[in-house]
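Colleague: Could you take me through one part of this model slowly? I would like to see how aromatic rings pair up.

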Amino acid sequence: MSSALYDTLILSDLHLGSEVSRAEDATRMLKRNRFRRLILLGDIFSDLNFRRLTKEHWKFLGYIRKLSNPKRGIEVVWVEGNHDQGLIDVMSHLVGVKVYEEYMWEFDGRRHLAIHGHQFDRFLVNNWVLSSVNTFLHLQLQRLDFKGKWFSRWVDRLGTRWLRLSAKVASGALAHARLHGAQRIFCGHTHVALYREKDGIEYYNSGSWTDSAPTYLTVDEQGVRIHVYQENVYQENADQEEAVSEQPDDHDLIEEGAGDDSAAGEATAESPTHEDAEYEDIRG
């Protein structure tokens, strides 16, 4: 197993409460990685209706609260997305995480900036009511969709291409980074993992956890990488760990152990291509 320790791991657009949210996979991925900082880069929720949250969605939130325990020494940051708006006070209390509109940190001699990216989506900014109606209709479509939810995901990708969101958000983010003196900027919102570079400033999009190939970002001394979650590899490793955990001498190592980063598909920036205690109910 790899013992890689990342400075920062970034994921976005989990959309808890929606039928296409891959919360269980996201929880598994977090358990298999080691990092000093976790940035939840917006749209962790789909809307404000907590009644839509499933058991796996609550498990994810429970694990985030576990990670935010000061004894773990992990900084957990929540950057507000357009779907998260109105949840700042609730989430700070519920999972013990600070929520920011944008977050900046220094690492390896560079200034890094994380912002969800909807701020650069002029269609959303100028058509708030229409966008809210679209979100409601998309949630209803997910309920009526086939088992694999392939049609809902196709509609989501089609909307992104039609609005040219990837290019628009990247352009706005690069300008925003330049204005704030950042050498790297990270966004979500478009649901498409992406890397761009302009005038020495690097832009990365963390993709989403609602598609058939979820993605996340890691930052360390080697640079920034876009990882594709591979369900079969992670499940195989999880099964192996479950077998090992039955051995008393190894139990503590499995309980707090490091994940195997090599289990996930990963690529360099030029080619966008990790068990804890049982579920803890945070609903009170």
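Modeller: Let's look at one ring pair and its surroundings, then at a helix contact. This is a predicted model, where local features need pLDDT of at least 70, side-chain atom pairs count only at pLDDT 80 or more, and totals for chains, interfaces and linings use all residues. Residues are numbered from 1 along each chain as its sequence is written, and side-chain values use heavy atoms, leaving out hydrogens and water.

Rings of Phe, Tyr and Trp (its six-membered ring) pair if their centres lie within 6.5 Å; planes under 30 degrees apart count as stacked, over 60 as edge-to-face and the rest as tilted. By this rule there are eight aromatic pairs. In one of them, the ring centres of Trp105 and Phe186 are 5.7 Å apart and the planes are at 25 degrees, so this pair is stacked. Trp105 lies in strand β5 (residues 102–107) and Phe186 in strand β7 (residues 184–187), 81 residues apart, so the pair links distant parts of the chain; strands here are DSSP runs of E, at least two residues, and helices are runs of H or I, at least four, numbered from the N terminus.

Are these two rings buried or exposed? Buried means under 20% relative accessible area, exposed over 50%, and partly exposed in between, with a 1.4 Å probe and protein chains only. Trp105 has 4% relative accessibility and counts as buried, and Phe186, at 0%, counts as buried too. Both belong to one aromatic cluster, together with Tyr100, Tyr103, Tyr195 and Tyr204.

Now the helices: Trp58, Leu61, Ile64 and Arg65 in α2 meet Met91, Leu94 and Val95 in α3, where contact means heavy atoms within 4.5 Å.
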